[in-house]
Amino acid sequence: MREKTVLVTGGGGYIGSHFVKLLMQKGYTPVVIDNFENGHRDSVLCPDWYEGELEDRALLDRVFRAHNIGAVVHFAAYMYVAESMTNPRKYWERNVGGLLAVSGAAMDHDVRKFLYSSSCSVYGAPLQQPITESTAKAPINPYGWTKYIGEHVLESYRRSHGLAPVMLRYFNVSGADPDLELGERHKLEIHAVPVMLQAARDGAVFNVFGNDYATPDGTCIRDYIHVWDLARAHLCALEYLDHPGDAYAFNLGTGRGASVLELAAAVEAATGKKVQLNFQPRRDGDPPMLVADASLARRVLGWAPEYADITSVVASAWRFMSTGRGCGT
């Protein structure tokens, strides 16, 4: 059935692969396109997948026609903030160019349901905490700008071309699926949870940039959302598009921030090993706190996180890393 057939771009990546697995569990038929530059072929659990670029219009047309696609969930994008500062062209071309390609193909094939993987990076370094969907958008790096421009593209298509988009703004994603079949396996790992777990496992040092912020313990605070909760939120948003309302942008986080030192305590509890912290000066552009107000997603999408504290998120990530398939293994 068309309404149950979902094109997932980037379905071999960390978040996309978890969502594909959830779709299959719920009776949907996912179809994946991925170039596997950063994703993994063995993370694609569905039988229908294509290796290629979103800018290949012939490929997109073939996929839309062959599978009678009813909705698109667009994950495929570059995601490294530091790299976006040194190579912005790469980010503009892929993150905005890829979105233009797949959203254009969707509209040409009369597909209106479109979920967009956005980011809390669209807010920049806001003073308001927790962050609501109406918080001012002020990206501070090219990655954040590509996500913000992507939202504007879809909003203009909503008003002028009848597209029905939902923009999902993630906070810090971590953890692994409950079956430990999938987890965080970035080829270049920079995210705090897996890097700190790896440091604890290997007896290495974890660098903490800044311990003089105006936070309770002086270190930065972030909102860590479990990847399976994030996948569930996407499913709720997909079902919301059956009868959409006026809201089309949602924050996805727990609403509970954890500082770097609290993260270290959770890592030590999960691993039974001491984390060696090396305090360094602040990095430019690091906001003291980024915490989501996700009450709109709770109210409109009927979604709530099941992994609501940093301890459960870290324990999940450690269980996957302990299988030997996590980062640095």
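Two strands pair if DSSP finds at least two bridges between them. The legends below describe close-up views of a predicted model.

**Figure 1. Strand β9 and its pairing partners.** β9 covers residues 221-226, and 6 of its 6 residues are buried. Strand β7 (residues 172-174) pairs with β9 in the parallel sense over 3 bridges. Within this pairing, N172 stands opposite Y224 in β9. Strand β11 (residues 257-259) runs antiparallel to β9 and is joined to β9 by 3 bridges. Here D223 has G257 of β11 as its bridge partner. Strand β13 (residues 289-290) is parallel to β9, with 2 bridges between them. The bridge partner of R222 in β13 is L290.

**Figure 2. Side chains on the two faces of β9.** I221, D223 and I225 point one way from the strand. R222, Y224 and H226 point the other way. Residues of both sets are buried. The bridged residues of Figure 1 can be placed on these faces: D223, partner of G257, points one way together with I221 and I225. R222, partner of L290, and Y224, which stands opposite N172, point the other way together with H226.

**Figure 3. Helix α5 and its packing.** α5 runs over residues 142-161, which makes 20 residues. At 1.5 Å a residue the helix should span 28 Å, and its end C-alpha atoms are 27 Å apart, so the expected and computed values agree. The buried residues of α5 are P142, Y143, G144, T146, K147, Y148, G150, E151, V153, L154, E155 and Y157. An α-helix has 3.6 residues a turn, so residues three or four places apart point the same way. The buried residues of α5 pack against two helices, α3 (81-86) and α4 (88-108), and two strands, β5 (113-119) and β6 (164-170). After the helix comes G162, which has a positive phi near 80 degrees.

**Figure 4. The second largest pocket.** This pocket has a volume of about 190 Å³. Its lining consists of E133, K137, Y148, E151, H152, E155, M167, R169, A247, Y248 and A249. The elements that give two or more residues to this lining are α5 and β6. α5 gives the most, with 4 residues. By type, the lining residues divide into 5 nonpolar, 1 polar and 5 charged. Y148, E151 and E155 of the lining are also among the buried residues of α5.

**Figure 5. A cis peptide bond before P130.** The peptide bond from Q129 to P130 is cis, and its omega is near -5 degrees. P130 lies in the loop between β5 and α5. Both of these elements also appear in Figure 3, where the buried residues of α5 pack against β5.

**Figure 6. Two residues with positive phi that are not glycines.** F36 has a phi of about 60 degrees and is found in the loop between β2 (29-34) and β3 (49-51). Buried means under 20% relative accessible area. F36 has 6% relative accessibility and therefore counts as buried. N68 has a phi of about 50 degrees and is found in the loop between α2 (57-67) and β4 (71-74). N68 is partly exposed, because its relative accessible area is 44%.

**Figure 7. Surroundings of S17.** S17 is found in helix α1 (residues 14-25). With a relative accessible area of 2%, S17 is buried. Not counting residues up to four places away in sequence, S17 touches G11, G12, S43 and L182.

**Figure 8. Surroundings of N207.** N207 has its place in strand β8 (residues 205-209). Its relative accessible area is 34%, so N207 is partly exposed. Leaving aside residues up to four places away in sequence, N207 touches N278 and Q280. N207 and A105 are 102 residues apart along the chain, and their C-alpha atoms are separated by 44 Å.

Terms used:
Residues are numbered from 1 along each chain as its sequence is written. This is a predicted model: local features need pLDDT of at least 70, side-chain atom pairs count only at pLDDT 80 or more; totals for chains, interfaces and linings use all residues. Side-chain values use heavy atoms; hydrogens and water are left out. The expected span of a helix is 1.5 Å times one less than its number of residues. Buried means under 20% relative accessible area, exposed over 50%, partly exposed in between (1.4 Å probe, protein chains only). Contact means heavy atoms within 4.5 Å. On a 1 Å grid over the protein atoms alone, a cavity is a set of points where a 1.4 Å probe fits but cannot get out, and a pocket is an open set with protein on both sides within 12 Å along at least five of seven lines; lining residues have an atom within 4 Å of a point. Grid points are joined across faces, edges and corners, and a volume is the space filled by probe spheres set on the points. Ala, Val, Leu, Ile, Met, Phe, Trp, Tyr, Cys and Pro count as nonpolar, Asp, Glu, Lys and Arg as charged, and the others, Gly among them, as polar.
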